Amino acid sequence: MAVIGGTRVNPKKFHKNQIPFYIYLVPIAIFMGMPIVYIVNHAFKPMDELFAFPPRFFVSHPSLINFQNLFQAAGSSSIPLSRYVFNSVLVTAAVVFLSVLISTMAAFALSKMKFKFKNTIFEINNLALMFVATAVTIPRYLTISTIGILDTYWAHILPQVAMPVCLFLIKQFVDGVPNSLIEAAQLEGAGSFKIYRKIIIPLIKPAIATGSILVFQNVWNNIETSSLFTSSEGVRTLAFYMNTLSTAGTVQGQGMAAAAALIMFIPNLLLFVIMQSSVMNTMAHSGLK
């Protein structure tokens with residue numbers, strides 16, 4: 001613990017100087033946590049509370065009826081629910097691996113290697129941050145149709161591999177790797193791939209964890225690829241299937257929508273809780289850059 005200007009900085013235990021921070025941060029934390037509390041409560045509301053007016057934030061009489069209806073509807077489908085789960089896990093794992101691999105390699109090249117148009121390529125990546133997926137839906141469909149991967153797993157994977165924000169965050173971390181380490185490795189005879197594998201990867205693990213979370217959230221909750229690029233139920237994902245059940249246009253469908261939203265949200269929450277320290281480290285580092 002240090003003392004600056006009579007103020008204790010980062011005390012190990014609670015200190016009265018921390019009170020002003022709690023006054024500001026606790027209300028903000030409560031406000032930011034309200035959507036999570038609402039999603040959980042909404043999923044357990046019986047029908048009369050789902051359609052109550054004025055709407056209720058908290059559930060009064062928790063019930064599992066929404067989950068029962070959801071799994072009952074899933075059980076009556078011609079394609080088993082396990083197939084959609086498998087498709088989602090497969091697609092998500094493939095996209096996360098490929099996206100992080102490509103982003104880390106590209107970040108290493110753009111940060112530490114010298115070649116023509118390096119800055120131009122990175123600016124193009126930054127420009128891509130301005131475009132939402134909807135804006136490039138037609139070019140994506142034409143590309144996927146031309147290379148002949150419609151209605152396959154690759155139609156899910158390839159359009160989502162490119163993640164400009166993932167490359168941007170990882171490059172910020174790679175910029176902070178001392179050039180002296182790379183030069184020393186080169187003097188020892190290490191090639192570019194060995195430097196990437198032995199030096200860059202171990203030093204940017206927080207950025208890799210953050211990029212993995214961003215990619216996971218984007219892919220796990222994605223329904224556009226299933227609805228636009230596939231027509232066979234056997235290759236569609238869990239997010240798409242849950243969306244079809246919850247948008248059945250019935251009163252019961254609203255309850256299933258609430259339950260489906262919670263089921264799809266839980267993996268995102270758990271992954272963030274597990275890796276939150278890496279996320280905070282990456283965001284702080286990127287902000288300083």
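Me: Which residues make the nonpolar surface patch of about 1,300 Å²?
Reply: This is a predicted model. One contributor to the patch, Ile30, is found in helix α1, residues 19-43. At 54% relative accessibility Ile30 counts as exposed, because the cut-off for that class is over 50%. The patch is made by Ile19, Phe21, Tyr22, Ile23, Tyr24, Leu25, Val26, Ile28, Ile30, Phe31, Met32 and Met34.

Me: How many helices and strands does the chain have?
Reply: The chain has 289 residues, and 36% of them count as buried. Its exposed area is about 17,100 Å², with carbon and sulfur atoms supplying 68% of that area. The count of elements is 14 helices and two strands.

Me: Among contacts between residues at least 6 apart in sequence, what share joins residues at least 24 apart?
Reply: One pair that is distant in sequence is Phe86 and Leu238, 152 residues apart. For the chain, counting contacts between residues at least 6 apart, the share that joins residues at least 24 apart is 68%.

Me: How far apart in space are Phe86 and Leu238, C-alpha to C-alpha?
Reply: Phe86 has its place in helix α4. At 46% relative accessibility, Phe86 counts as partly exposed. Phe86 and Leu238 are separated by 152 residues in sequence, and their C-alpha atoms are apart by 8.3 Å.

Me: Which helix gives the most to the largest nonpolar core?
Reply: The largest nonpolar core has 46 residues, and the members that touch the most others are Leu70, Ile170, Ile195, Ile200, Ile204 and Val215. The helix that gives the most to this core spans residues 81-112 and supplies eight residues: α4.

Me: Which residues does Ile170 touch, not counting residues up to four places away in sequence?
Reply: Ile170 is one of the core residues that touch the most other members. Ile170 is also one of the buried residues of α8. With residues up to four places away left out, Ile170 touches Ser103, Thr104, Ala107, Ile204 and Ala207.

Me: How far apart are the end C-alpha atoms of helix α8?
Reply: Helix α8 covers residues 164-175, which is twelve residues. At 1.5 Å a residue the helix should span 16 Å, and the model agrees with this. The end C-alpha atoms are apart by 16 Å.

Me: Which residues in α8 are buried?
Reply: A residue is buried when its relative accessible area is under 20%. Lys171, at 10%, therefore counts as buried, whereas Asp175, at 27%, is partly exposed. The buried residues in α8 are Cys166, Leu167, Leu169, Ile170, Lys171, Gln172, Phe173 and Val174.

Me: Which residue meets Lys171 in a salt bridge?
Reply: Side chains of opposite charge can pair when their charged atoms come close. Lys171 and its partner both lie in helix α8, four residues apart, about one turn of the helix. The N to O distance is 3.1 Å, and the partner is Asp175.

Me: Leaving aside neighbours within four places in sequence, which residues is Lys171 in contact with?
Reply: Lys171 lies in helix α8 and is buried, with a relative accessible area of 10%. Apart from neighbours within four places in sequence, Lys171 is in contact with Ala107, Leu110, Ser111 and Phe122.

Me: How far apart are the closest N and O atoms of Glu233 and Arg236?
Reply: The structure holds two salt bridges, one of them between Glu233 and Arg236. Glu233 is partly exposed at 31%, while Arg236 counts as buried at 11%. The closest N and O atoms of the pair are apart by 2.8 Å.

Me: What is phi of Phe117?
Reply: Phe117 lies in the loop between α4 and α5. With a relative accessible area of 62%, Phe117 is exposed. Its phi is positive, in a residue other than glycine, and is near 65°.

Me: Is Asp151 buried, partly exposed or exposed?
Reply: Asp151 is found in the loop between α6 (137-146) and α7 (153-161). Phi of Asp151 is near 60°, a positive value in a residue other than glycine. Its relative accessibility is 25%, so Asp151 counts as partly exposed.

Key: Residues are numbered from 1 along each chain as its sequence is written. This is a predicted model: local features need pLDDT of at least 70, side-chain atom pairs count only at pLDDT 80 or more; totals for chains, interfaces and linings use all residues. Side-chain values use heavy atoms; hydrogens and water are left out. Patches are made of residues with over 30% relative accessible area and no salt bridge: like charges are joined within 9 Å, nonpolar side chains (Val, Leu, Ile, Met, Phe, Trp, Tyr) within 5 Å. Accessible areas come from the Shrake-Rupley method with a 1.4 Å probe; for residues, only the protein chains shown count as cover. A salt bridge is a side-chain nitrogen of Lys or Arg within 4 Å of a carboxyl oxygen of Asp or Glu. Buried means under 20% relative accessible area, exposed over 50%, partly exposed in between (1.4 Å probe, protein chains only). A nonpolar core is a set of buried Ala, Val, Leu, Ile, Met, Phe, Trp, Tyr and Cys residues joined through side-chain atoms within 4.5 Å. Contact means heavy atoms within 4.5 Å. The expected span of a helix is 1.5 Å times one less than its number of residues.
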